[in-house]
Amino acid sequence: MKQRYLITIAALAATTASAQTLERRANITGGGDRDRGKCTIEVVVDGQAEVEIRGDRATLRNITGQPPQWRRFVCNEPMPPNPAAFRFAGIDGRGHQNLVRSPQGGGPAVVRIEDPQSGSQGYTFDIMWQSGRITAPPPPPEPHADDRDGDRFYRERQDFYRGGDWRGRLFARVQQDLDYVSRYSFRGDDRYRLTSVDRELDDLQRDFASGRWDRRALNDVIDSLARVIADNRLAPRDRQLLQDDLDRLRNLRDRR
C-alpha cells in the first residue's frame, strides 16, 4: 500500500513538472520597419517545450524534460489577431523548432521546440507579419539614458555579452540594439531608413545559424551601420553602443 502511494505521488509530480507553464509579457520596443511586425523570443529547453504567442503575451509550456526558462521576449508591436503574411524563422539552437500552429483564424501562434541532447540549450526564433501600421508610435520621454526602461535595456545587453554563446546570436543582438536606438533617436519616416539593415541582419542570422557565410552581405551591414553611427542625432550613449556592435561585427568578419 505504501509503495503504491509513493508511486502515485511520483507520477503526480512528473505530471505537474511536464505541465508547467510560464507566462511572459513582451517588451515592446517600437521602431523597426513600419510595414512589418516582429517578435524575437529566446528560451532555454532541455527536452520538449511549446511557446504559445497571442498579442503581447506568451506562454512557455513544458512537455517533457526539465522545466524550460524564459530569456527574452521582445516585439516592435503586439502581434494582431489574424496577422497578414505571417512568417516563422528559427534563429539559433542545436535541436528542432517548428511552427505547429499558425495564428490565422484568431488563435495563437504555437512553436514547438525539441532538444534531443542531454543538458539545457538556448533557442531563439522570430515571428514576423505584415504590420499595417500607418503612423509611427509616439516618441518616448526624453532623455531615455536615465529612465528606468533605458537602464534595464543596457543591463540586459551587458548580461547578454557576459554569456559564453553571444557570438552565435550577434546579428540578432545588433538588430535589437538598432531597433531600440531608432525608437529614441529618429522621428517619423526617417526612423525606417534602417529597414534594409534590419532585413540584412535577419538574413545573416539565419545563414550563420545554418553554417552558411556571406562576407559581402556582412560588409554591407558594416557599411550601413557605420553610416548610422555618423548621424549627429545620436545620443553619446547610443553612439557608443552601436560603435561597440560595429567593432564586434568587424572582428567577426576579420576572424573568418
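A residue counts as buried when its relative accessible area is under 20%. In this predicted model, Phe153 has a relative accessible area of 5% and is therefore buried. Across the protein, 45% of the 256 residues count as buried.

The secondary structure consists of six helices and eight strands. Along the sequence, these elements follow the pattern α-β-β-β-β-β-β-β-β-α-α-α-α-α.

Strand β8, which spans residues 121–130, is mostly covered, with eight of its ten residues buried. Strand β8 pairs with strand β3 (residues 36–54), and the two run antiparallel, joined by ten bridges. Within β8, Asp126 stands opposite Thr40. Strand β8 is also paired with strand β5 (residues 84–92), again in the antiparallel sense, over six bridges. Here Phe125 of β8 has Gly90 opposite.

Strand β4 covers residues 57–75 and includes Arg57. The relative accessibility of Arg57 is 47%, so this residue counts as partly exposed; the partly exposed class lies between the 20% limit for buried residues and the 50% limit for exposed ones. Arg57 and Phe73 are separated by 16 residues in sequence, and their C-alpha atoms are 8.9 Å apart in space.

Aromatic contacts were examined next. A pair of aromatic rings is described by the distance of the centres and the angle of the planes. The structure holds seven aromatic pairs. In one of them, the ring centres of Phe153 and Tyr154 are 5.7 Å apart and the planes stand at 85°, so this pair is edge-to-face. Phe153 and Tyr154 are both buried. In another, Phe153 and Tyr180 have ring centres 3.7 Å apart and planes at 5°, so this pair is stacked. The Phe153–Tyr180 pair links distant parts of the chain, as Phe153 belongs to helix α2 (residues 148–162) and Tyr180 to helix α3 (residues 170–185), 27 residues apart. Tyr180 has a relative accessible area of 4% and is therefore buried. Through these ring pairs, Phe153, Tyr154 and Tyr180 form a cluster.

Arginine side chains also lie over aromatic faces. Arg237 is placed over the face of Tyr154, at 3.8 Å from the ring centre. Arg248 lies over the face of Trp166, where the distance to the ring centre is 4.8 Å. Tyr154 thus appears both in the ring cluster with Phe153 and Tyr180 and beneath Arg237.

Empty space in the model was considered as pockets and cavities. Rolling a probe the size of a water molecule over the atoms shows where empty space is left. The largest pocket has a volume of about 380 Å³. This pocket is lined by 19 residues, of which Glu42, Arg71, Arg72, Glu156 and Arg173 are the closest to its centre. Elements that each supply at least two lining residues are β1 (21–25), β4, α2 and α3. Helix α2 provides the largest share of this lining, with five residues. By class, the lining of the largest pocket comprises eleven charged, five nonpolar and three polar residues.

The protein also has three cavities of 30 Å³ or more. The largest cavity contains about 110 Å³ of space. From the N-terminal side, the residues that line the largest cavity include Thr29, Lys38 and Thr40, followed by Arg72, Val74, Cys75 and Asn76. Ala172, Gln175, Gln176 and Asp179 are also part of this lining. Strands β3 and β4 and helix α3 each supply at least two residues of the cavity lining. The largest share, four residues, comes from α3. The cavity lining divides into five polar, three nonpolar and three charged residues.

Several residues and elements recur in these descriptions. Thr40 stands opposite Asp126 of β8 and also lines the largest cavity. Arg72 is among the residues closest to the centre of the largest pocket and is likewise part of the lining of the largest cavity. Helix α3, which holds the stacked ring of Tyr180, contributes at least two residues to the lining of the largest pocket and four to that of the largest cavity. Helix α2, where Phe153 is found, gives five residues to the lining of the largest pocket.

Notes: Residues numbered from 1 in each chain as written. Predicted model: local features only at pLDDT ≥ 70, side-chain atom pairs only at ≥ 80, totals over all residues. Heavy atoms only, no water. Phe/Tyr/Trp six-rings, centres within 6.5 Å; stacked < 30°, edge-to-face > 60°. Buried < 20%, exposed > 50% of the residue type's maximum accessible area, 1.4 Å probe, protein only. Lys NZ or Arg CZ within 6 Å of the ring centre and 35° of its normal. 1 Å grid on protein atoms, 1.4 Å probe; cavity = no way out; pocket = protein on both sides within 12 Å on 5 of 7 lines; lining within 4 Å. Points joined across faces, edges and corners; volume = space filled by probe spheres on them. Nonpolar A, V, L, I, M, F, W, Y, C, P; charged D, E, K, R; others polar. Pairing = 2+ DSSP bridges.
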